[in-house]
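Reader: I'd like to learn how to read a model like this one, feature by feature. Can we go through it together?

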Amino acid sequence: MLLLDYALNAKAMPIPELVALAEGLPAELVDASWPVRASMAHGTVLRSALVHQLPTDHSGHTDWPALRLWIAGRTDAEFNGLIDFGCDSVMTYGQPSRDPEPTAAEIGAFDQPTAAVRRDGPDVLRAWGVSRAEERAAELLDPAGYRSILLALLDAIWDGWLGSAWSAQLPQLQATAAAAPTPPPGCTPTQWIAQVTGMRPDPIYAEAVERATELILMPAPGLGRSLSLFTDQQTWVLFSPQDTPPTESIARTGISIGRLGQLAPAMTALGDRTRLAIVLHLLDHGPMVMQQLADALEVHQSTISRQVGLLRRAGLVAVADRKVQVERSALRTAGETLLEALD
């Protein structure tokens with residue numbers, strides 16, 4: 001669900017099948033699921049709930065019909081609690097950690113939608129760019145309808161791609177999990193990830209895993225040569241098994257899902273001939289005012305202004321003292337990420 005929502009928001013994906021899945025969804029389902037996807041923070045809230053609440057011996061860990069039945073069996077009161085937890089997660093994202101930080105293990109059950117959901121619902125939807133946020137926030141107050149749309153979305157994910165991928169890859173996923181070595185003495189978390197997955201975490205992930213008190217590696221379909229990390233009491237690293245033997249000496253850098261998603265705006269911006277020409281000219285000649293760029297590229301100034309605006313939104317240029325200048329660090333990051341993805 002998380003990767004699908006990334007794809008629906010035009011983020012770069014680790015495998016093309018996820019883009020095809022997003023493009024193949026019925027438009028009415030995409031529209032109907034906006035409040036669900038927003039209040040679930042892409043799907044991370046549902047993931048946390050399943051990690052904490054689905055019994056460890058439940059067949060839903062490997063069987064979609066069993067998992068679907070479990071989700072469908074959650075009461076309206078339980079869904080009110082899930083929606084409340086999701087809205088709270090969105091509203092507090094990026095703020096200082098609370099002590100203790102609430103976890104999905106503490107999700108309550110409420111006979112009625114909570115006051116927090118009634119108050120914050122529109123802001124939650126606005127944070128995710130949902131149109132008609134005030135109106136559509138009412139959908140967060142209908143747990144039965146919410147559950148129905150969530151299940152329809154999960155069904156579409158399963159039927160559109162995950163079902164076939166899961167069936168084909170489950171034996172390999174199970175074999176990879178069973179064969180994972182115990183970390184040898186002196187092995188750092190980053191080194192252990194490299195041994196098991198065949199990939200080194202990129203620097204942001206490496207810093208996080210080195211701080212982890214408990215690290216769980218989980219093979220999963222759909223991640224290509226990316227690593228996906230999340231922390232919820234334990235720190236989890238999801239990966240797809242690689243064809244290359246997983247030894248540290250040949251481990252490649254596993255690009256994080258978040259970092260890969262950030263590549264899309266830059267690639268989209270540079271995919272236009274005029275915008276690419278602007279960036280290349282600025283790299284060669286330094287900062288310029290709009291008219292200088294228009295004269296140099298023989299393009300009308302209104303066109304330059306529009307294209308510079310798109311480059312600014314992608315974070316590739318900035319304007320200071322009326323001069324346009326390249327954000328070299330952002331351009332370098334995009335180039336390095338692309339090279340690592342293609343390595």
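Reader: Let's begin with a side chain. Is Arg-132 buried, partly exposed or exposed?

Author: Keep in mind that this is a predicted model. Arg-132 has a relative accessible area of 45%, so it is partly exposed. Its side chain also meets that of Glu-135 in a salt bridge, at 3.1 Å from N to O.

Reader: How many salt bridges turn up in the whole structure?

Author: A search finds 13. Take Asp-76 and Arg-147, whose closest N and O atoms lie 2.9 Å apart. This pair ties together distant parts of the chain, 71 residues apart: Asp-76 belongs to helix 7 (residues 76-91) and Arg-147 to helix 10 (residues 143-179).

Reader: And how exposed are the two partners, Asp-76 and Arg-147?

Author: The cut-off to remember is that buried means under 20% relative accessible area. Arg-147 has 15%, so it counts as buried. Asp-76 is at 35% and therefore counts as partly exposed.

Reader: Helix 7 also holds Asp-88. Which residue forms a salt bridge with Asp-88?

Author: That's Arg-98, with the closest N and O atoms 2.9 Å apart. Here the pair links helix 7 to the loop between helix 7 and helix 8 (115-127), and the two residues are 10 apart. Asp-88 is partly exposed, with a relative accessible area of 27%, and Arg-98 also counts as partly exposed, at 33%.

Reader: What about salt bridges that form a network? Which residues are linked that way?

Author: Asp-31, Arg-136 and Glu-139 are. Arg-136 deserves a look of its own. You'll find it in helix 9 (residues 133-136), and with a relative accessible area of 4% it is buried.

Reader: Which residues is Arg-136 in contact with, leaving aside its neighbours within four places in sequence?

Author: The list runs Asp-31, Ala-32, Trp-34, Pro-35, Leu-125, Val-130 and Ser-131. For a sense of distance, try Tyr-93: it is 43 residues from Arg-136 in sequence, and the C-alpha atoms are 21 Å apart in space.

Reader: Back to helix 10. Is Asp-159 buried or exposed?

Author: Asp-159, which sits in helix 10, is exposed, with a relative accessible area of 65%. Its C-alpha is separated by 26 Å from that of Trp-128, 31 residues away along the chain. Now look at Leu-170, found in helix 10 too. Leu-170 has a relative accessible area of 18%, so it is buried. From Leu-170 to Asp-272 you cover 102 residues in sequence and 41 Å in space, C-alpha to C-alpha.

Reader: Now helix packing. How do I describe a pair of helices?

Author: Two packed helices are described by the angle between their axes and the distance between the axes. Try helix 15 (residues 273-285) against helix 17 (residues 301-313): the axes come within 10 Å and cross at roughly 80°. That makes the two helices roughly perpendicular.

Reader: Which residues make the contact between helix 15 and helix 17?

Author: Helix 15 supplies Thr-274, Arg-275, Ile-278 and Val-279, while helix 17 supplies Ile-304, Gln-307, Val-308, Leu-310 and Leu-311. By type, six are nonpolar, two polar and one charged.

Reader: At what angle do the axes of helix 15 and helix 16 cross?

Author: Roughly 105°, with the axes coming within 11 Å; helix 16 covers residues 290-297. These helices are therefore roughly perpendicular to each other. The contact uses Ala-277, Ile-278, His-281 and Leu-282 from helix 15, and Leu-293, Ala-296 and Leu-297 from helix 16. Sort those residues and you get six nonpolar, one polar and no charged.

Reader: One more feature: sheets. What's the general idea, and in what order do the three strands come here?

Author: Strands of a sheet pair through backbone hydrogen bonds, either parallel or antiparallel. In this model, the three strands form an open sheet in the order 6-8-7, with antiparallel pairing. Strand 6 (288-289) and strand 7 (317-320) are at the edges with a single partner strand each, so one side of each lacks a neighbour in the sheet. Strand 7 is joined to strand 8 (residues 323-326) by four bridges, and Val-317 has Val-326 of strand 8 as its bridge partner.

Reader: Which helix packs on that sheet?

Author: Helix 15 again: it touches strand 6, strand 7 and strand 8, and its direction makes about 90° with that of strand 8.

Key
Residues are numbered from 1 along each chain as its sequence is written. This is a predicted model: local features need pLDDT of at least 70, side-chain atom pairs count only at pLDDT 80 or more; totals for chains, interfaces and linings use all residues. Side-chain values use heavy atoms; hydrogens and water are left out. Two strands pair if DSSP finds at least two bridges between them. Contact means heavy atoms within 4.5 Å. Axes are lines fitted to C-alpha atoms, for helices over the stretch in contact, and angles run from 0 to 180 degrees between N-to-C directions. Angles under 35 degrees count as roughly parallel, over 145 as roughly antiparallel, 65 to 115 as roughly perpendicular and the rest as oblique. Ala, Val, Leu, Ile, Met, Phe, Trp, Tyr, Cys and Pro count as nonpolar, Asp, Glu, Lys and Arg as charged, and the others, Gly among them, as polar. A salt bridge is a side-chain nitrogen of Lys or Arg within 4 Å of a carboxyl oxygen of Asp or Glu. Buried means under 20% relative accessible area, exposed over 50%, partly exposed in between (1.4 Å probe, protein chains only).
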